[in-house]
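Here is a friendly briefing to read with the structure open beside you. It goes topic by topic, so feel free to jump to the part you need.

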Amino acid sequence: MADEKAHTKGLDARFRFAMSKDGMKLGVNRYFPPDGGEQPSVSLLRKQVAEAGVQLPVDDVAARRIIDAITQEKEFKGITLVRGIPAQEPRDATLMALGDLKFPVFPNDRFIRFRKAQKAANGQTIDGHTLTPKGVFKPEEISIEAGDNVHWDAVSQSYISEVWGMASVSDGIVSVFPIPRISEDAVEISGTLHHQDFKGNRITPKRIDKEMRDLGVVIDVDRTALDEKLSQAKRLGLPLHEQTLVKGAHPVPGRDGWLEYLVTTRETTGTEDTSGRLDFRNRGTYPTVRTNQAIGKLHPPTTGEGGIDLYGKTIPAHEGKELHVHLGENVMLDDDEITFRSKAKGIVVMERNTLSVTECLVIPGNVDLNSGNIKVEHGSIKILGSVQAGFSVSAPAHVIVEGSIESATVYAGDLIEVKGGILMPDGGEVVCDGDIIANYMTNANVRAGGDIHVANEILNSTISADGRLFATSGKGVINGGTILTRKGVEANETSSELGVITVIGVYLEQQEDDDLRLKRNKVRQAIAKIDEAIGTSSPKELLTRAPKDKRQAIAKVLKHRAALAKCHQSVENRMQDLMVAHQRELDGIDIQVKRMVYPGTTIKFCKKVKPITQRMEASTFFFSEKDRDILTR
């Protein structure tokens, strides 16, 4: 660049310029004050740069700094007045997280920078030389746009969060999912707590409190509780999910009117067993009351207590509903109009808001998990469905089942009547002190203190009855199992063409027979033990042979042996008397098969057994005391 001409009178202020070796920077090297001409100024400086042949723009800020320094007689060197244009290298579009996005961002946080793709472009030095880029590739573009709760800042080329939440980039969309979640009733805000934000700064209760206020929440935040949770998240190094951030108060609805039972009530869900587990089947006994006993007291509904939402608005509470209790069978209302009293002895039942005292409890469906086991201490039970497997029913009078009994336990004191059948593939037992009536029995285990009436098949069942078994009104088939009664049997058919083992018998022995046999065995064992110790010779001989010092002890043993022998004889006599009584009792008892007795059938009268080896039609079996055998007529 040409040097400035010599300073002459009447000249403007003059600047001498210096350029860097690479041609990319131009500054003022020397300054010559005016001599009668124009004073130093930015415009004069810009004019002289142009006169020097520089086509690139002057930095106005730098020019002002230079003029100010000259005016104030300060150093002005080192200030770049004009800059060259560097070559623009090609560059792929980039998306860069400005922190660890595993942690949350807050409002106004710049959390992702996006730089668009840049094409290659030539540059220019101050003295006019062209600069070419080194790279020649075509830059790759990325399609990115702002999603929910985010906006783009062109100045910083970054995405800025509008909420407190977790940042996400998915399918070219940058979003922030808010952490605070407001419940539908606007009573509670919950969310995930982290101990730090994406920049590594600590999240404090104060910061969370501000976010709540920005959401319009007026309920105070429990900062102490939040601080404990944030500290816990830091200790664990893990976020705490589903944490309550701030909470108003839910309304407390009023309690509906209710009936207080003044008698022991049955549990509605179940009772605790010995191991502490809840037994859903066992719910206790239906309460039984006396005549004129107070059984219930009606309580009015309550109004409830209002709540408050996050924004300070009162939430009204629902009032409880009034309970209308209707008077049912054998129930009256006292003069106070809230106390119910029984008019007779029976079972307390509340059904469809009708309070009754009844002799018969009606179960409207099955005995299952909905009802639990059914037990009453007075009266009867009528079940309109079935008794399902694993459940039990007990009543001191009658049990009437419209459906079936399926592998369940049922007891009644007077009568059990089953409109369907008794089938027990998985165990169970039906016991009645009186009669049992059923349509059929399959794999059943049944005991009756009276008679048993079965209309159709009895298959593979174990049955005992103190009365007589009747199976003649329908098919009347007994096929498989063991049937023992005290009064005999009437059936249409026994066993089948397949020869299924079927035992049909009459037993007369009672508990006394078993007790006598057990006692006789114990006495025999005691006598045998003495005989083994001292021998079986006569008492006189045993005493003679014994040493003098042992004779007294042996005498006591012999005396005890004599008492045992006497007891044994007494037991034998009683057993003989019972046997004779049983034989007399057998007189008139028979087993009648009205159509066909198939091989496979075994007829028993007490200990006497008669296997059937060929088909027999319309046979009646009885025990002949004279012949000491089972005969047929």
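## Backbone and loops

Arg628 is found in the loop between strand S50 (616-624) and strand S51 (629-632). Please keep in mind throughout that this is a predicted model. The points below start with this loop, then move on to the helices, the cores and the aromatic rings.

- The phi of Arg628 is positive, about 55°, although Arg628 is not a glycine.
- With a relative accessible area of 39%, Arg628 is partly exposed.
- Asn149 is another residue other than glycine with a positive phi, here near 60°. Its place is the loop between strand S8 (145-146) and S9.
- Asn149 counts as partly exposed, at 24% relative accessibility.
- Gly53 comes just after H1 and takes a positive phi of about 95°.

**A contact between distant glycines**

- Gly304 belongs to strand S22 (residues 304-305), and Gly304 is partly exposed, with a relative accessible area of 35%.
- Which glycine is 3.6 Å from Gly304, C-alpha to C-alpha? The partner is Gly254, and the two are 50 residues apart in sequence.
- Leaving aside neighbours within four places in sequence, Gly304 is in contact with Val252, Pro253, Gly254 and Ala317.

**Helix H2**

- Helix H2 (residues 60-71) has 12 residues, and at 1.5 Å a residue they should span 16 Å. The end C-alpha atoms of H2 are 16 Å apart, which agrees.
- Buried residues in H2 are Ala62, Ala63, Ile66, Ile67, Ala69 and Ile70. They lie on the same side of H2, because the arc they cover around the axis is only 160°.
- The face of H2 turned away from that buried side carries Val61 and Thr71, which are exposed.
- The cover over the buried residues of H2 includes S1, S2 and helix H1 (42-51).

**Helix H1**

- In H1 the buried residues are Val42, Leu44, Leu45, Gln48 and Val49. An arc of only 165° around the axis holds them, so they are on the same side of H1.
- Among the elements that cover the buried residues of H1 are S1, S2, H2 and strand S3 (82-83).

**Nonpolar cores**

- The largest nonpolar core has 58 residues. Which residues have the most contacts inside this core? They are Ile405, Ile422, Ile436, Met441, Ile452 and Phe621.
- Not counting residues up to four places away in sequence, Ile405 touches Val387, Val410, Val418, Gly421, Ile422, Leu423, Met424 and Val430.
- There is also a second, separate core of 24 residues, which includes Val28, Ile67, Ala69 and Ile79. Two of these names, Ile67 and Ala69, also appear among the buried residues of H2.

**Aromatic pairs**

- A pair of aromatic rings is described by the distance of the centres and the angle of the planes.
- How many aromatic pairs does the model have, taking ring centres within 6.5 Å as the rule? The count comes to 4.
- One of the pairs joins Phe15 and Tyr31, with 5.4 Å from centre to centre and 40° between the planes, and this pair is tilted.
- Phe15 lies in strand S1 (residues 14-19) and Tyr31 lies in strand S2 (residues 25-32), so their pair ties together parts that are 16 residues apart in sequence.
- Are Phe15 and Tyr31 buried or exposed? Both residues are buried.
- Phe114 and Trp152 form an edge-to-face pair, at 6.1 Å centre to centre and with 70° between the planes.
- This second pair links distant parts of the chain, with Phe114 in strand S5 (residues 110-115) and Trp152 in strand S9 (residues 150-153), 38 residues apart.
- Phe114 is buried, at a relative accessible area of 7%, whereas Trp152 is partly exposed, at 33%.
- Together with Tyr159, Phe114 and Trp152 form one aromatic cluster.

**Charges over rings**

- Arg207 has its charged end over the ring of Phe106, 4.0 Å from the ring centre.
- Over the face of Phe622 lies Arg633, at 4.6 Å from the ring centre.

Technical notes:
Residues are numbered from 1 along each chain as its sequence is written. This is a predicted model: local features need pLDDT of at least 70, side-chain atom pairs count only at pLDDT 80 or more; totals for chains, interfaces and linings use all residues. Side-chain values use heavy atoms; hydrogens and water are left out. Rings of Phe, Tyr and Trp (its six-membered ring) pair if their centres lie within 6.5 Å; planes under 30 degrees apart count as stacked, over 60 as edge-to-face and the rest as tilted. Helices (H or I, at least four residues) and strands (E, at least two) are DSSP runs, numbered from the N terminus. Buried means under 20% relative accessible area, exposed over 50%, partly exposed in between (1.4 Å probe, protein chains only). A charge sits over a ring if NZ of Lys or CZ of Arg is within 6 Å of the ring centre and within 35 degrees of the ring normal. A nonpolar core is a set of buried Ala, Val, Leu, Ile, Met, Phe, Trp, Tyr and Cys residues joined through side-chain atoms within 4.5 Å. Contact means heavy atoms within 4.5 Å. The expected span of a helix is 1.5 Å times one less than its number of residues. The arc is that of the directions from the helix axis to the C-beta atoms.
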